[in-house]
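Q: Could you walk me through the charged side chains here, and what surrounds them? I'd like one connected look rather than a list.

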Amino acid sequence: MAAQTGLRQEAVERGTDLSARKLDHQGTCLETLELAYAQAKLLWRLEAGDTPSLKEAAKRCGVDPSNLSGVVDQLVERGLVITRPAAHDRRVKIVRLTGEGVRLRRKLVACLADHPSIDSLPPDRQEQLLEILREVA
C-alpha cells in the first residue's frame, strides 16, 4: 500500500512539474502572439466558422458572460473576431472568428503544441503519453 501511495504521489508531483512547464511555455506563446490569457482562451475555444452566442462562448471559457464581453471587445478591436445579433433573436450576440482570427488561432495552437517537454520524447513515447492522457483527462 505504501508503494502505491508513493507512485501516486510521484505521479502528482511530476504532473505538477509538467503543468508548470506548460504554463511557462504558454506564457511565452501568448507573449509572442501579443495575447492576454483570456483572449487566447476564447480563441482556443472558437473554431473557424463557429458562431456561438456570447453566453455559450463564456460557458466554453468557464467565465461569466459579463467578464467575457470586454475580452470580445478587445478581439474585435484587433480584427480577430466579429460580433452580430443572432438571426433567431436579435437580443442575442454571437461571436465569430475573422480570417485573421483563424490565422492567429492556428499560430496559437501550433505554438502551444510545440512543447519542449513533449518534443523531447521519441514519437512512440509521445503516443504512449497521449494514450495515458486520454484515459485520465
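A: Quick ground rule first: two residues are in contact when they have heavy atoms within 4.5 Å of each other. Also keep in mind that this is a predicted model.

Let's start with Arg 105, which sits in helix α5, the stretch covering residues 99–113. Is Arg 105 buried or exposed? Arg 105 counts as buried, because its relative accessibility is 15% and the cut-off for buried is under 20%. As for who is around it, skip the neighbours within four places in sequence, and Arg 105 touches Leu 43, Trp 44, Leu 46, Glu 47 and Leu 97. So that's a charged residue, Arg 105, whose contacts include Leu 43, Leu 46 and Leu 97 along with Trp 44, plus an acidic one, Glu 47.

Helix α5 also holds a charge pair: Arg 103 and Glu 100 both belong to it, three residues apart, or about one turn of the helix. Their side chains meet in a salt bridge, at 3.3 Å from N to O. Arg 103 has 44% relative accessibility, so it counts as partly exposed, and Glu 100 is partly exposed too, with 39%. Elsewhere, Asp 50, Glu 56 and Arg 60 are joined into one network by salt bridges that share partners.

How many salt bridges are there altogether? Taking a Lys or Arg side-chain nitrogen within 4 Å of an Asp or Glu carboxyl oxygen as the rule, the count comes to six. One of them is in helix α1 (residues 2–32), where Glu 10 and Arg 14 lie four residues apart, about one turn along. The closest N and O atoms of that pair are 2.6 Å apart. Glu 10 is partly exposed at 37% relative accessible area, while Arg 14 is exposed at 56%.

Another salt bridge pairs Arg 91 with Asp 89, with 2.9 Å between the closest N and O atoms. Arg 91 is exposed, its relative accessible area being 74%. For a bit of context, the loop between β1 (81–85) and β2 (93–97) is where you'll find Ala 87, which counts as exposed because its relative accessibility is 83%. The C-alpha of Ala 87 is 40 Å from that of Leu 130, and the two residues are 43 apart along the chain.

That brings us to helix α7, residues 123–136, which is home to Glu 127. With a relative accessible area of 52%, Glu 127 is exposed; the bar for that is over 50%. Which residues join Glu 127 in a negative surface patch? The partners are Asp 124, Glu 131 and Glu 135.

To finish, here's a nonpolar counterpart. Ile 132, Leu 133 and Val 136 make a nonpolar surface patch of about 290 Å². Val 136 is in helix α7 as well, and at 65% relative accessibility it counts as exposed. So helix α7 carries Glu 127 from the negative patch and Val 136 from the nonpolar one, and both residues are exposed.

Key
Residues are numbered from 1 along each chain as its sequence is written. This is a predicted model: local features need pLDDT of at least 70, side-chain atom pairs count only at pLDDT 80 or more; totals for chains, interfaces and linings use all residues. Side-chain values use heavy atoms; hydrogens and water are left out. Patches are made of residues with over 30% relative accessible area and no salt bridge: like charges are joined within 9 Å, nonpolar side chains (Val, Leu, Ile, Met, Phe, Trp, Tyr) within 5 Å. Accessible areas come from the Shrake-Rupley method with a 1.4 Å probe; for residues, only the protein chains shown count as cover. Lys and Arg count as positive and Asp and Glu as negative; His and the chain ends are not counted. The place of a charge is taken as NZ of Lys, CZ of Arg, CG of Asp or CD of Glu. Helices (H or I, at least four residues) and strands (E, at least two) are DSSP runs, numbered from the N terminus. Buried means under 20% relative accessible area, exposed over 50%, partly exposed in between (1.4 Å probe, protein chains only).
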